[in-house]
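Here is a friendly walk through a two-chain model, meant to be read with the structure open beside you. Take your time with each part and turn the view as you go.

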Amino acid sequence: MPGTLWKEFSKGLWKELPPFRLVLGLCPVLAVTKSASTGLGMGMAVIFVLALSNMIISLVRNMIPQKVRIACFIVISASLVVAVELLMQAYAYPLYQSLGIFVPLIVVNCIILGRAEAFAGKNPVLPSLADGLGMGLGYTLSLTFLGAVRELFGAGTLFGAPVMPSAFEPFAFMVEAPGAFVCLGLILASMNYLNAHMARRRGEEEPENPRSGCMACGACSRANSPAQQ
Amino acid sequence: MASILRMVAVLSLLCASSGFLLSYLKMTTAGRIEEQVLTYVQGPALAEVFPDAENVPLTERHAFTLPDGRSVTVFPARKDGKLYGVAMENSAPGFGGDISVITGFDASRDALIGIGITTMKETPGIGTQVSDPSFTTQFRGVSLPVALSSGGGSIDAISGATISSTGVVDAVARATEDYETLKEQILSRWQ
């Protein structure tokens with residue numbers, strides 16, 4: 001049992017890392033990663049919502065009629081997001097100011113609904129919680145990493161503390177929107193390269209690139225039903 | 001039929017419980033959120049208006065009631081133990097929504113001490129220039145009433161952002177009206 005829990009938890013950290021492997025939830029990934037601390041804050045909000053929504057959905061999964069399950073999932077995650085918004089305003093107002101519209105937009109973040117539909121709606125509570133925590137943590141690490149890279153080159157600081165030598169001239173490009181796209185592209189490319197390299201070293205066949213279609217992605221519930229390709 | 005009733009029941013139950021939970025949370029956090037908004041939104045603007053105040057205008061705030069029933073929160077600033085200015089927040093429509101401005105008045109000679117922008121939804125880079133010091137410092141020491149230079153006053157609008165500039169001046173004009181109505185009450189409370 002602990003082994004399967006660990007498996008559900010750890011898949012969100014590399015194999016199915018939401019923004020970089022599944023390429024899901026990109027809107028906040030690009031928009032709020034101007035600095036490492038805003039990326040971290042956004043990630044924490046997502047961990048809270050994702051873990052609790054997975055847990056609650058898994059608890060009530062047998063009571064929810066199939067036909068209205070999506071509506072029920074959205075009511076649950078929307079309530080959690082409003083709760084996060086209120087708590088953030090009450091206890092971390094500067095963070096709320098810097099995240100702005102992207103806190104309420106967690107509702108429509110496809111990771112939340114995606115995990116509810118693909119995992120929590122079909123699995124018991126503990127694995128669902130592990131899945132939510134793992135995916136949330138992977139998301140947080142990705143956002144913090146991207147934020148740190150952009151902050152380091154765009155402002156010469158890390159979590160607000162100056163780390164670059166004083167002769168360093170920050171390239172403002174990195175903290176603007178195009179910098180986010182360029183960084184994301186470089187990260188995706190290096191992750192694909194790393195995966196191909198590791199597969200070669202294990203003596204396996206190189207994964208086809210671009211990966212062929214929907215079936216290659218393990219996150220989707222369709223991957224288990226070959227009839228719908 | 002039974003399945004439709006079940007769907008209706010489950011969804012209603014879910015929505016009702018989430019509604020109750022959220023309204024409870026909203027009630028319990030309302031006081032704290034108001035305090036946080038005052039500290040992080042009005043606080044910096046007040047510091048801009050009264051850079052040399054010796055008290056904390058935020059903590060001494062008091063809500064006055066206008067004859068028409070509206071309530072206005074007034075922030076007093078002291079220097080050398082004496083009241084030297086009062087500030088109040090007011091808003092007027094700009095280009096993308098309401099612009100809220102904290103306006104500071106010099107109580108001794110009916111002039112402005114300065115203004116600070118608290119919230120706005122203006123176009124980034126164009127309308128948002130109204131919060132730049134080059135625009136806001138124009139309001140320092142201006143005698144009442146305040147108007148744009150095109151309207152016979154002394155404030156130069158930002159070119160390309162006339163609507164936003166007008167919004168700020170309108171907000172200051174509204175605050176001036178409230179200040180003149182409440183002046184007696186304000187002075188008798190703090191002087």
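## Two loop residues in chain A

Phe159(A) is partly exposed, because 13 other C-beta atoms lie within 10 Å of its own, and a residue counts as buried only from 20 such atoms upward. Before going further, please keep in mind that this is a predicted model. Phe159(A) sits in the loop between strand E1 (157–158) and strand E2 (161–162) of chain A. Its backbone deserves a look as well: phi of Phe159(A) is near 50 degrees, which is a positive value in a residue other than glycine.

Val23(A) also has a positive phi without being a glycine, in this case about 55 degrees. You will find Val23(A) in the loop that links helix H2 (18–22) to helix H3 (26–31) of chain A. Is Val23(A) buried or partly exposed? With 13 C-beta neighbours inside 10 Å, Val23(A) counts as partly exposed.

## The chains side by side

The table sets out some overall values for each chain.

| Chain | Helices and strands | Buried residues | Contacts at least 6 apart in sequence that join residues at least 24 apart |
|---|---|---|---|
| Chain A | 9 helices, 2 strands | 36% of 229 residues | 73% |
| Chain B | 3 helices, 5 strands | 30% of 191 residues | 53% |

In what order do the elements of chain A come along the sequence? Chain A reads α-α-α-α-α-α-α-α-β-β-α. For chain B, the pattern is α-β-β-β-β-β-α-α.

Near the start of chain A, Thr4(A) belongs to helix H1 (residues 2–10). Thr4(A) is exposed, since 11 other C-beta atoms lie within 10 Å, and the cut-off for exposed is 12 or fewer. If you would like a distance to try in your viewer, take Thr4(A) and Met174(A): their C-alpha atoms are 40 Å apart in space, and the two residues are 170 apart in sequence.

## The shape of chain B and its bent helix

Now turn to chain B. Its C-alpha trace spans about 75 × 40 × 30 Å along the principal axes. The radius of gyration of chain B is 21 Å, whereas a compact globule of 191 residues would have a value near 16 Å.

Where does helix H3 (residues 162–190) of chain B bend? The bend is at Leu182(B) and comes to about 60 degrees. Several residues of H3(B) are buried, including Ser164(B), Gly167(B), Val168(B), Ala171(B), Val172(B), Ala175(B), Tyr179(B) and Ile186(B). An α-helix has 3.6 residues a turn, so residues three or four places apart point the same way. The buried residues of H3(B) pack against five strands of chain B: E1 (62–65), E2 (71–79), E3 (82–93), E4 (98–106) and E5 (111–119).

## Where the chains meet

How many residues does each chain bring to the contact? Chain A gives 18 residues and chain B gives 17 residues. On the side of chain A that touches chain B, helix H5 (69–91) and helix H6 (93–99) are the elements that give two or more residues. H5(A) provides the largest share of this side, with 10 residues. Sorted by class, the side of chain A that touches chain B has 14 nonpolar, 3 polar and 1 charged residues.

Terms used: Residues numbered from 1 in each chain as written. Chains lettered and ligands numbered in written order. Predicted model: local features only at pLDDT ≥ 70, side-chain atom pairs only at ≥ 80, totals over all residues. Contact = placed C-beta atoms within 7 Å. Helix = DSSP H or I, 4+ residues; strand = E, 2+ residues; numbered from the N terminus. Nonpolar A, V, L, I, M, F, W, Y, C, P; charged D, E, K, R; others polar. Bend = angle between axes of the 7 residues up to and from the residue. Rg over C-alpha atoms; globule rule 2.2 N^0.38 Å.
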